[in-house]
Amino acid sequence: MQGMGLFCMSKKHWVGFNKSFSGFGGEEFYLHEKVRQHGGKTLCLPFLKWLHRFKRPNGVPYKLDIVDRIANYLIGWSELKIDTKQIIDHYRPLVYPHELKTALDRFKKYKNSKNKK
C-alpha cells in the first residue's frame, strides 16, 4: 500500500472517493487500485523522496479515529471487490473489540444501503 502524502493526477481522470467514506484514513491502496480498475495507471517514483510526519509539534488539525479508518477500508475494499476479511484479521488484534464492532456495524449499514438500490 502506498500512502497519499504525495499524490497527483489530472482532474479529467479523477475517479473520486467513495461517498460513504468518513473521517480520515482508508485511502491508501484504495485510490491507486480504483484508478487501475478504471483503466488508469499508477506509478511509484522511488527517486522522489518525502517525509511523512506522523509526530507533529502542534498536533494533528483533524480527527483521527480508528473506527473511521477501519470502516473506510472495509467500504473501499468492498467497492473494489476485494476480500474484506484481510482488513478484519489485520485490525482484530490491534483495536478494542467495541471499535471493530462499530466499524463492522457501519460497514453492514453501507452494504445494506447498497443492496436496497
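This report covers the nonpolar core and the aromatic cluster of a predicted model.

## Basis

The model is predicted, so local features need pLDDT of at least 70 and side-chain atom pairs count only at pLDDT 80 or more, while totals for chains, interfaces and linings use all residues. Residues are numbered from 1 along each chain as its sequence is written, and side-chain values use heavy atoms, with hydrogens and water left out.

## Nonpolar core

The largest nonpolar core (buried Ala, Val, Leu, Ile, Met, Phe, Trp, Tyr and Cys residues joined through side-chain atoms within 4.5 Å) holds 20 residues, of which Ile 70, Leu 74, Ile 87, Tyr 91 and Leu 100 touch the most other members. At least two residues of this core come from each of α1 (30-37), α2 (66-79), α3 (85-91) and α4 (97-115), helices being DSSP runs of H or I with at least four residues, numbered from the N terminus. The most is given by α2, with 7 residues.

Leaving aside residues up to four places away in sequence, Ile 87 touches Ile 70, Tyr 73, Leu 74 and Trp 77, where contact means heavy atoms within 4.5 Å.

## Aromatic cluster

One aromatic cluster is formed by Trp 14, Phe 17, Phe 21 and Tyr 30. Rings of Phe, Tyr and Trp (its six-membered ring) pair if their centres lie within 6.5 Å, with planes under 30 degrees apart counted as stacked, over 60 as edge-to-face and the rest as tilted; by this rule there are 6 aromatic pairs. The rings of Trp 14 and Phe 17 are edge-to-face because their centres are 5.4 Å apart and their planes stand at 75°, whereas Phe 17 and Phe 21 form a tilted pair, 6.3 Å centre to centre with 40° between the planes.

Buried means under 20% relative accessible area, exposed over 50% and partly exposed in between (1.4 Å probe, protein chains only). Phe 21, at 17%, is therefore buried, while Trp 14 at 42% and Phe 17 at 37% count as partly exposed.
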